[in-house]
Amino acid sequence: MNSALLQPAPVASVAGRWDEFAGALRLRLSPAARVRREEPLAPRTTLRVGGTARVYAEPASEADLQAIARAAQAAGIEVFMLGRGSNLLVPDEGVEGVVVALTHEAWAEFSPRADARVWVGAGLRLKNLCGLAAKAGLAGLEFLEGIPGSVGGALRMNAGAMGGWMFDVVEEVRVMSLDGKVQVRPRSALHVDYRHCAELHQAIALGATLRTAALADTGAVKRRMDAYAHRRHESQPREPSAGCIFKNPPGDSAGRLIDTCGLKGERVGDAQVSPVHANFIVNLGAARAADVLALVRHIRAQVRARSGIELEPEVLLYGRNWKDVL
Ligand SMILES: Cc1cc2nc3c(=O)[nH]c(=O)nc-3n(C[C@H](O)[C@H](O)[C@H](O)COP(=O)(O)OP(=O)(O)OC[C@H]3O[C@@H](n4cnc5c(N)ncnc54)[C@H](O)[C@@H]3O)c2cc1C
């Protein structure tokens, strides 16, 4: 056997492969698109930890996105969608693949129709969606106020708050498969659950048609949003976080279980169980993903020992599987 085959690939040749892929993408995409190597992801997440994306791309159109998906598939490279990074823990070693963010304005469409339905692009921030809906006098989306994500992330996660869920208001989703095919999927064809839309694990949400309630008076919609924002302000920490770190187990609350173990304020490095809300891990400034992981393991072990309940992370470990690290 050739012993050279047993040696790890020289670093230069691995980097060269990524350079080559990034270079090929630049040639295929429109001038308005962006492609970068080793893009730091921490500033693109709300928790602000983690390493770089081997390749990072911001497509400016569906054609650009299609070109990225097809080039990645041909090269055997994984595609990872990035929304506002508000539900992610990025590992310190970064992400082995192409991270694609729909940050170009082309993805932030908000187009109300006469029948109170509204088409929204996957890159639209939920904050802007709520503001635009309030301005247009469209009711029924207020529960999304204060969730710091994008439409794409909210679809993938079936984001929910204040008794409402993203898929309560979705009529259909425009989806691109990882080989670049575009389809419109009605709500009834999608498998949706707590913090989960199965079809979006292996596909890209391009946008959705949302059903809003009857046209309402702008003031009433705005007042409801303000009340929700106030409730969040009172109950959630101000430091960087990724929102609730664990899913609520059936019939219980992860925050209550963690609090019962006396873990509020517990720290590993600069990662801390928030003293304000026990189901939030906050970054006190210089936390690393390794600190957050160690704290997640510690919390799970304590809760398991005290109550027998195995908490499951709600936050996604970007580019990896929790089961490989827990
Ligand atoms: C302070 C705070 C409060 C929060 N409160 C809530 C809350 O009340 N309710 C709640 O549900 N969540 C809450 N969250 C979590 C988070 O905001 C939501 O899960 C949100 O929907 C994630 O959207 P995002 O754009 O940030 O997605 P990201 O975190 O960037 O990504 C999440 C997942 O979606 C995928 N994704 C992103 N865009 C697309 C796309 N276009 N197509 C396919 N997949 C895509 C990503 O690959 C990843 O798997 C909170 C977070 C924080 C920091």
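Trainee: In what order do the four strands of the open sheet with β15 stand, and how do they pair?
Mentor: In this predicted model, four strands make up an open sheet whose pairing is antiparallel. Its edge strands are β15 and β16 (267-268), each of which pairs on one side only. Read across the sheet, the order is β15-β18-β17-β16.

Trainee: Which residue of β18 stands opposite A271?
Mentor: Strand β17 (residues 271-273) and strand β18 (residues 280-283) run antiparallel and are joined by three bridges. Helix α7 (residues 289-307) lies across β16, β17 and β18, with its direction at about 30° to β17. Within the β17 and β18 pair, the residue opposite A271 is N283.

Trainee: Why is one side of β6 and of β11 left without a neighbour in the other open sheet?
Mentor: That sheet has five strands with antiparallel pairing, in the order β6-β7-β14-β10-β11. Because β6 (110-112) and β11 (182-186) stand at the edges, one side of each has no neighbour in the sheet, and what each of them has is a single partner strand.

Trainee: What is the bridge partner of V173 in β11, and which helix packs on this sheet?
Mentor: Strand β10 (residues 170-177) pairs with β11 in the antiparallel sense over five bridges, and in β11 the partner of V173 is R185. The helix that packs on the sheet touches β10, β11 and β14 (203-211), and its direction makes about 50° with that of β10; this is helix α2 (residues 62-75).

Trainee: How many residues of strand β5 are buried, and what is the bridge partner of V79 there?
Mentor: Strand β5 (residues 95-101) is mostly covered, with six of its seven residues buried. Strand β2 (residues 52-58) pairs with β5 in the parallel sense over four bridges, and A53 has V95 of β5 as its bridge partner. β3 and β5 likewise pair in the parallel sense over four bridges, where the bridge partner of V79 in β5 is V98.

Trainee: Which element gives the most to the shell around the ligand?
Mentor: The ligand is surrounded by 33 residues, the closest being M81, G83, S86, S150 and G160. At least two residues of the shell come from each of β3 (79-82), α4, β8 (160-161), β14 and β15 (241-244). With five residues, the element that gives the most is α4.

Trainee: What share of the area that the ligand exposes when taken alone does the protein bury?
Mentor: Polar atoms of the protein approach oxygen atoms of the ligand at several places: a polar side-chain atom of S150 lies 2.7 Å from one, while a backbone N or O atom of R84 lies 2.9 Å from an oxygen atom of the ligand. For A154, the corresponding distance from a backbone N or O atom to a ligand oxygen atom is 3.4 Å. Taken alone the ligand exposes 970 Å², and the share of that which the protein buries is 92%.

Trainee: Does E142 count as buried or exposed, and which backbone nitrogen does its side chain reach?
Mentor: E142 is placed in the loop between α3 (126-136) and α4 (151-157), and, leaving aside residues up to four places away in sequence, E142 touches V221, R224, M225 and Y228. Since buried means under 20% relative accessible area, the 4% relative accessibility of E142 makes this residue count as buried. At 2.6 Å, the side chain of E142 reaches the backbone nitrogen of G140.

Terms used:
Residues are numbered from 1 along each chain as its sequence is written. This is a predicted model: local features need pLDDT of at least 70, side-chain atom pairs count only at pLDDT 80 or more; totals for chains, interfaces and linings use all residues. Side-chain values use heavy atoms; hydrogens and water are left out. Buried means under 20% relative accessible area, exposed over 50%, partly exposed in between (1.4 Å probe, protein chains only). A polar contact is a pair of N or O atoms within 3.5 Å; within protein, one must be able to donate a hydrogen and the other to accept it, and residues adjacent in sequence count only if both atoms are side-chain atoms. Contact means heavy atoms within 4.5 Å. Two strands pair if DSSP finds at least two bridges between them. Axes are lines fitted to C-alpha atoms, for helices over the stretch in contact, and angles run from 0 to 180 degrees between N-to-C directions. A residue is near a molecule or strand if one of its heavy atoms lies within 4 Å of it. Accessible areas come from the Shrake-Rupley method with a 1.4 Å probe; for residues, only the protein chains shown count as cover.
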